[in-house]
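Open the model in your viewer and keep the sequence panel beside it. This tour tells you what to select at each stop and what you will find there.

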Amino acid sequence: MVADKIADMLTRIRNANQLKYDTVEVIGTKMTLGIAEILKKQGYISEYAYEKSSKGDKLTLTLKYGEKKERVITGLKRISKSGLRVYVSCDEIPRVLNGLGIAIISTSKGLMTDKEAREAKLGGEVLAYIW
């Protein structure tokens with residue numbers, strides 16, 4: 001049983017990206033589905049598919065690479081962990097690599113990027129940085 005499904009998802013993406021796999025399977029939850037939606041919308045992955053089964057829900061992500069097989073995702077970092085939650089107000093939302101990366105924020109209106117949270121003037125829990 002995996003305690004932190006978000007950290008597990010990010011680690012699986014990091015490992016698959018390092019080995020230049022085309023797809024990676026992660027545990028399917030509402031949170032991982034929301035993160036996959038943000039990654040697709042921001043252009044970090046090309047596709048995702050959600051599959052329900054009796055053994056457990058599964059989310060298959062299709063990773064994206066450049067023309068010469070260079071990685072689109074160069075780094076992922078889990079910020080808020082189960083032992084130490086990180087909450088920010090709308091004024092304190094961090095910028096990842098001066099706007100080149102994204103921070104995924106869990107707000108009262110759902111998951112959104114740092115830019116969307118700043119525009120909506122919402123704070124929340126900083127889940128991860130992706131660049």
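The tour starts with the whole chain and then goes from residue to residue.

**Before you select anything**

This is a predicted model: local features need pLDDT of at least 70, side-chain atom pairs count only at pLDDT 80 or more, and totals for chains, interfaces and linings use all residues. Residues are numbered from 1 along each chain as its sequence is written, and side-chain values use heavy atoms, with hydrogens and water left out.

**Stop 1: the whole chain**

Show the protein chain as a cartoon. It has three helices and eight strands. Helices (H or I, at least four residues) and strands (E, at least two) are DSSP runs, numbered from the N terminus. Trace the chain from the N terminus and the order is α-β-α-β-β-β-β-β-β-α-β. The radius of gyration is 15 Å, close to the 14 Å that the globule rule gives for 131 residues, so the chain is as compact as a globular protein of that length. That radius is taken over C-alpha atoms, and the rule is 2.2 Å times the number of residues to the power 0.38. Along the principal axes, the C-alpha atoms fill a box of roughly 40 × 40 × 25 Å.

Now switch on the surface. The protein chain exposes about 7,800 Å², and carbon and sulfur atoms supply 51% of that area. Areas come from the Shrake-Rupley method with a 1.4 Å probe; for residues, only the protein chains shown count as cover. Of the 131 residues, 38% are buried. Buried means under 20% relative accessible area, exposed means over 50%, and partly exposed lies in between (1.4 Å probe, protein chains only).

Which share of contacts between residues at least 6 apart in sequence joins residues at least 24 apart? The share is 61%. A contact means heavy atoms within 4.5 Å.

**Stop 2: Asn17**

Select Asn17 in helix α1 (residues 5–18). Asn17 is buried, with a relative accessible area of 5%. A polar atom of its side chain lies 2.5 Å from the backbone oxygen of Ile73. Polar contacts are pairs of N or O atoms within 3.5 Å; within protein, one must be able to donate a hydrogen and the other to accept it, and residues adjacent in sequence count only if both atoms are side-chain atoms. Add Leu63, Tyr65, Arg71 and Ile73 to the selection: Asn17 is in contact with these, leaving aside neighbours within four places in sequence.

**Stop 3: Arg78**

Go to strand β4 (residues 76–78) and pick Arg78. Is this arginine, Arg78, buried or exposed? At 11% relative accessibility, Arg78 counts as buried. Its side chain makes a polar contact of 3.1 Å with the side chain of Asp4. The Arg78 side chain also reaches the backbone oxygen of Leu127, at 3.2 Å. Not counting residues up to four places away in sequence, Arg78 touches Asp4, Ile6, Ala7, Leu10, Arg85, Leu127 and Ala128. Then draw a C-alpha distance from Arg78 to Thr11: they are 67 residues apart along the chain and 9.2 Å apart in space.

**Stop 4: Thr113 and Ile93**

Select Thr113 in strand β7 (residues 110–113). Thr113 is buried, with a relative accessible area of 3%. Residues up to four places away aside, it touches Ile38, Gln42, Ile102, Ala103 and Ile105.

Next, select Ile93 in the loop between β5 (87–88) and β6 (102–107). Ile93 counts as buried at 7% relative accessibility. From C-alpha to C-alpha, Ile93 and Thr113 are 10.0 Å apart, with their places 20 residues apart in sequence. Leaving aside neighbours within four places, Ile93 is in contact with Val88, Ile105, Asp114, Ala117, Arg118 and Leu122.

**Stop 5: three loop residues**

Select Ser53 in the loop between β2 (45–51) and β3 (58–63). Ser53 is partly exposed, at 39% relative accessibility. A polar atom of its side chain lies 2.7 Å from the backbone oxygen of Gly56.

Move to Lys69 in the loop between β3 and β4. Lys69 has a positive phi of about 65° although it is not a glycine. At 33% relative accessibility, Lys69 counts as partly exposed.

Finish at Lys121, in the loop between α3 (114–120) and β8 (124–130). Phi of Lys121 is also positive, near 55°, in a residue other than glycine. Lys121 counts as exposed, at 64% relative accessibility.
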